Amino acid sequence: MSLSYWMKHVPDSIQSLIHKYLDGSATRDEKKLLDEWYYTFSPEDFTFLSDEEENEIGRRMKDRLDEYLYFQRKAVRDKRRFNFLRVAAVLSIVSISSLLYYFLANRQVEKKMPPETAVAGPVKDIAPGGNKATLMLGDGSTIVLDSTANGQLGTQGNTRVIKLGNGQLQYQKGNTSNSPGKMVYNTIATPRGGQYQVMLADGSKVWLNASSSIRFPADFSDRVREVEITGEAYFEVAHNVSRPFRVIVKDMYVNVLGTHFNIMAYDDENGIHTTLLEGSLKVSNEKGDALISPGQQAVLNNKRSFRVVRNADVEEAVAWKNGKFVFNSANIHSVMRQIERWYNVDVTFEREGDLHFTGQLSRYANVSQLLRKLELTNEIHFRIEKGKITVLP
């Protein structure tokens with residue numbers, strides 16, 4: 001049997017999604033559906049191929065894969081670098097052929113791995129996070145959004161609060177002829193393992209990552225549109241030159257007119273990272289300020305001073321919003337902090353030293369699948385227990 005045999009067994013709908021993914025026209029929901037389909041397969045699904053056929057396909061695909069995918073690990077102590085395509089750590093779908101190569105090569109790697117290189121201990125797998133959040137209304141009452149039916153949840157002043165489904169909340173302004181009255185504030189908060197999206201009354205869109213929150217007025221009646229966040233959030237701000245938009249995060253202010261940007265301000269990270277995709281931003285605190293342009297990042301360090309990264313890795317900064325983990329020489333502690341927040345687990349370390357990873361992984365996979373790809377380094381291993389991951393030598 002051959003590659004054409006396998007192609008015949010891929011549903012037409014999935015083949016269509018793969019082509020849309022490749023030409024850049026796939027929506028976020030279509031990418032999620034494709035990822036979910038991708039992770040339903042196991043290497044055993046391809047046992048109809050002989051070793052000779054596997055090797056032939058692998059050789060034909062290797063050059064093409066090198067153009068698209070890589071996953072390499074740098075150990076600080078010895079400065080060596082490894083290209084993990086050589087052990088088939090293919091971390092995203094770029095074509096049907098690369099998808100097949102992953103399963104074939106992964107099967108070959110599993111044949112060669114000694115038993116102790118697999119995820120150690122009794123595996124009680126952990127599913128990825130999802131659309132989970134609570135909404136606190138102006139009167140202090142709370143609504144658990146992930147267990148509430150779609151539709152209108154109520155009104156806040158002259159604004160209707162509507163749950164749209166698929167992890168989205170929308171604030172719709174009512175009759176503008178009515179007096180705005182007292183400002184009413186709402187708060188959306190996500191737990192570990194949660195994310196959510198909200199469209200504010202001015203049309204601005206906000207995506208919340210895990211362990212994050214946003215406090216905002218149900219209707220913007222002041223001259224300045226002002227919100228306050230914790231954790232991490234991505235903004236697409238509706239343009240209104242006469243009413244500037246401001247984000248408060250700890251003791252820092254982000255002032256915008258109309259722009260797309262990401263703010264990462266977790267307490268366990270090293271400073272506040274504000275990354276700009278479109279428009280212009282001014283970040284400031286009591287000690288000073290910084291102007292940044294698209295493709296740049298302002299970092300407010302623990303000494304409360306700003307540093308501007310001129311060529312920031314924008315893809316890495318917003319990967320969470322696009323359903324991915326993207327690591328650009330990220331150390332193992334940074335990687336595991338992201339895993340802690342998204343999978344709602346606690347991580348402990350039983351290994352010393354530092355490792356740096358570069359590559360992409362899907363946020364839709366169970367944690368065991370993600371960790372197994374990291375284990376292909378043969379420099380690090382994991383033990384999964386209920387609600388806990390231990391990093392092993």
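**Cavities, a pocket and a helix-covered sheet**

The second largest cavity has a volume of about 30 Å³, and, in this predicted model, the count of cavities of 30 Å³ or more comes to 2. Lining the second largest cavity are Arg 28, Gln 195, Trp 320, Gly 323, Trp 342, Arg 363 and Tyr 364, a set of residues that divides by class into 3 nonpolar, 2 polar and 2 charged.

For the largest pocket, the computed volume is about 780 Å³. Its lining is made up of 35 residues, of which Met 264, Glu 269, His 273, Glu 316 and Ser 334 are the closest to the centre of the pocket. Two or more lining residues are given by each of strand E16 (260-265), strand E17 (272-278), strand E20 (297-300), helix H6 (314-318), strand E22 (324-331) and helix H7, and the largest share, 7 residues, comes from E22. When the lining of the largest pocket is sorted by class, 12 residues are nonpolar, 14 are polar and 9 are charged.

Helix H7, which spans residues 332-343, also takes part in a pairing with helix H8, residues 367-375, in which the two axes come within 12 Å and cross at roughly 170°. Because angles over 145 degrees count as roughly antiparallel, H7 and H8 are described as roughly antiparallel to each other. In this contact, Val 335, Met 336, Ile 339 and Tyr 343 of H7 meet Val 367, Leu 370, Leu 371 and Leu 374 of H8, and the contact thus described holds 8 nonpolar residues, with no polar and no charged ones.

Both helices also lie across strands of a sheet. This open sheet is formed by 3 strands in the order E23-E26-E25, with mixed pairing. Strand E23 (346-349) and strand E25 (381-385) each have a single partner strand and stand at the edges, so one side of each is left without a neighbour in the sheet. On average, and with direction ignored, neighbouring strands of the sheet are turned by 20° against each other. Strands of a sheet, in general, pair through backbone hydrogen bonds, in either a parallel or an antiparallel manner. Here, E23 and strand E26 (residues 388-392) run parallel and are joined by 4 bridges, and Val 347 stands opposite Ile 389 in E26. With respect to the helices, H7 lies across E23, E25 and E26 and runs at about 155° to E23, whereas H8 lies across E25 and E26 and runs at about 165° to E25.

Key
Residues are numbered from 1 along each chain as its sequence is written. This is a predicted model: local features need pLDDT of at least 70, side-chain atom pairs count only at pLDDT 80 or more; totals for chains, interfaces and linings use all residues. Side-chain values use heavy atoms; hydrogens and water are left out. Axes are lines fitted to C-alpha atoms, for helices over the stretch in contact, and angles run from 0 to 180 degrees between N-to-C directions. Angles under 35 degrees count as roughly parallel, over 145 as roughly antiparallel, 65 to 115 as roughly perpendicular and the rest as oblique. Contact means heavy atoms within 4.5 Å. Ala, Val, Leu, Ile, Met, Phe, Trp, Tyr, Cys and Pro count as nonpolar, Asp, Glu, Lys and Arg as charged, and the others, Gly among them, as polar. Two strands pair if DSSP finds at least two bridges between them. On a 1 Å grid over the protein atoms alone, a cavity is a set of points where a 1.4 Å probe fits but cannot get out, and a pocket is an open set with protein on both sides within 12 Å along at least five of seven lines; lining residues have an atom within 4 Å of a point. Grid points are joined across faces, edges and corners, and a volume is the space filled by probe spheres set on the points.
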